[in-house]
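Grab a pencil and open the viewer. Below are a few short exercises, each followed by a worked solution.

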Amino acid sequence: MSESSRKLLIVEDDPGLLNQLKWCFESYDVVTASDRSSAIAELRRHEPLVVLQDLGLPPNPDGVEEGLATLQETVKLSPFTKVIVVTGHGDQQNALRAIALGAYDFYQKPVDTDTLQLIVDRAFNIAELESENRRLQAVATQSPLEGIVAASDAMLQVCRMIEKVAPTNVTTLLLGESGTGKELLSRAIHRLSPRRDKRFVAINCAAIPENLLESELFGYEKGAFTGAARQTPGKVEMADGGTLFLDEIGDMPMSLQAKMLRFLQERVVERVGGREEIPVDVRVVCATNQNPVELIKQDLFREDLYYRVCEITIDIPPFRDREEGRLILARVLLNKYAEQQKRAISGFSDDAAEAIEAYSWPGNVRELENKVKSAVIMADGKQVTAADLGLAGVDAEEETLNLREVRQHAESKAIRKALMKNFGNISRTAELLGVTRPTLYDLLSKYGLSAEAYSKRANETKE
């Protein structure tokens, strides 16, 4: 960026000094103000990257309170702007107060133009680097799917699978813990499909009592039961032409699973109390936080229904396994809620960032979202702290410098990622890692890993 395109706001009530500063920074795009109200007006109008501000402003140019108030308002309105305050000779105490309130730097009178130019130029360089960093971070967090932040390899793989599945009509099963974003991904499937202009209808099979779920899904005829005063179509009919999302299908009662199987096979429904077969054209997406294979073993889920709903299975990794993307997603959510709540929050403090990385996140992305939203509302300063997040008691693990521990951690992580990438296939994993099959088996035993854990659902999908 050339100096002529760099906007510099100079806030100074002394006309002589103001003219000197304008001459000093004539190569910049200089905007001037002499008091708080005009300074804030110019800040809003021109959005300068750097502000050079005298602390002694009218109506009391001999004091600093008006200057500090101007600084606070500037930082609140434009948290990324670099404010350099100019103080009286030897007034280090007020200079430090200004830094504590958010000023980038300070300079004490009398003015030496060469030194001041170096300070201002450095402020512009840092502001521009930070702006470019925010831009690149925004690009890096762009997911292949709108509305989904996929910063880790595992989530990028999920997004690519959804892009391939969405244009088809295959019944899709999303497997993942509560809070991992199953409904968000199901909506992405609908949005990328030819059915995007039709309805997306969601029903949570675990949230509706067993005696009501059938009528909710398939509808009922007038007089079918007490209180059935009129004919009512069910969720399946309402989704005709669009997408039906069956959340927590693992909790569907066995008594209803046979009727659901018939619907998936024939694409017809019968309302409760009715005999007419009603054809429906529906794309079905299912989700569960349970292991369907274990449910089948416990006679809680029909095996034939399972093979109907898992034509394509997509495994969504828990948030604790998305090591590469935790802080990136947290920052995206922070920006989102800071904008919604109109709070001038510039980022996370160091202790907050460390806590986000160290915490196990049992509630997955939903828990992160709730904590960040609450923190934005409760934060007192420009940055969200670990205490604001409710993670003050979470201590980040001290970074080890022991080479053996570092090597073991890196080795274990690489093996897990390679297994995930190859769906537990031993030969391909060994080839990717550059080791022999016997060596890989030894490493799996050493770190307590099982290739079967990564291949089970992949094999079930192939079946």
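**Exercise 1: read the sheet**

Five strands form an open sheet in the order β2-β1-β3-β4-β5, with parallel pairing. The edge strands, each pairing on one side only, are β2 (29–33) and β5 (105–108). This is a predicted model, in which local features need pLDDT of at least 70 and side-chain atom pairs count only at pLDDT 80 or more, while totals for chains, interfaces and linings use all residues. Residues are numbered from 1 along each chain as its sequence is written, and side-chain values use heavy atoms, with hydrogens and water left out.

Task: work out how many bridges join β1 to β3.

Solution. Start with the vocabulary: strands (E, at least two residues) and helices (H or I, at least four) are DSSP runs, numbered from the N terminus. Two strands pair if DSSP finds at least two bridges between them. Now find β1 (residues 7–11) and β3 (residues 50–54): they run parallel, joined by 4 bridges. To see a facing pair, pick L8, which stands opposite V50 in β3.

**Exercise 2: check out D54**

Task: decide whether D54 is buried or exposed.

Solution. First, locate D54: you'll find it in strand β3. Next, get the cut-offs: buried means under 20% relative accessible area, exposed over 50%, and partly exposed in between (1.4 Å probe, protein chains only). D54 has 6% relative accessibility, so it counts as buried. Then list its contacts (heavy atoms within 4.5 Å). Leaving aside neighbours within four places in sequence, D54 touches V11, E12, D13, G67, V86 and K109. Last, look at the record: an unreviewed UniProt entry annotates D54 as "modified residue: 4-aspartylphosphate". Such annotations may be inferred rather than shown by experiment.

**Exercise 3: one helix, which face?**

Task: find which residues of α10 are buried, and how they are arranged around the helix axis.

Solution. Helix α10 covers residues 254–266. Its buried residues are L256, Q257, M260, L261, F263 and L264. Looking down the axis, they fall within an arc of 160° (taken from the directions from the axis to the C-beta atoms), so they line one face of the helix. Among the elements they pack against are β8 (243–247) and β11 (283–288).

**Exercise 4: a covered strand**

Task: say how many residues of β11 are buried.

Solution. Count along the strand: 6 of its 6 residues are buried. Now split them by side: R283, V285 and A287 sit on one, V284, C286 and T288 on the other. For its partners, β6 (residues 172–175) pairs with β11 in the parallel sense over 4 bridges, and β8 also runs parallel to β11, joined by 4 bridges.

Methods:
The expected span of a helix is 1.5 Å times one less than its number of residues.
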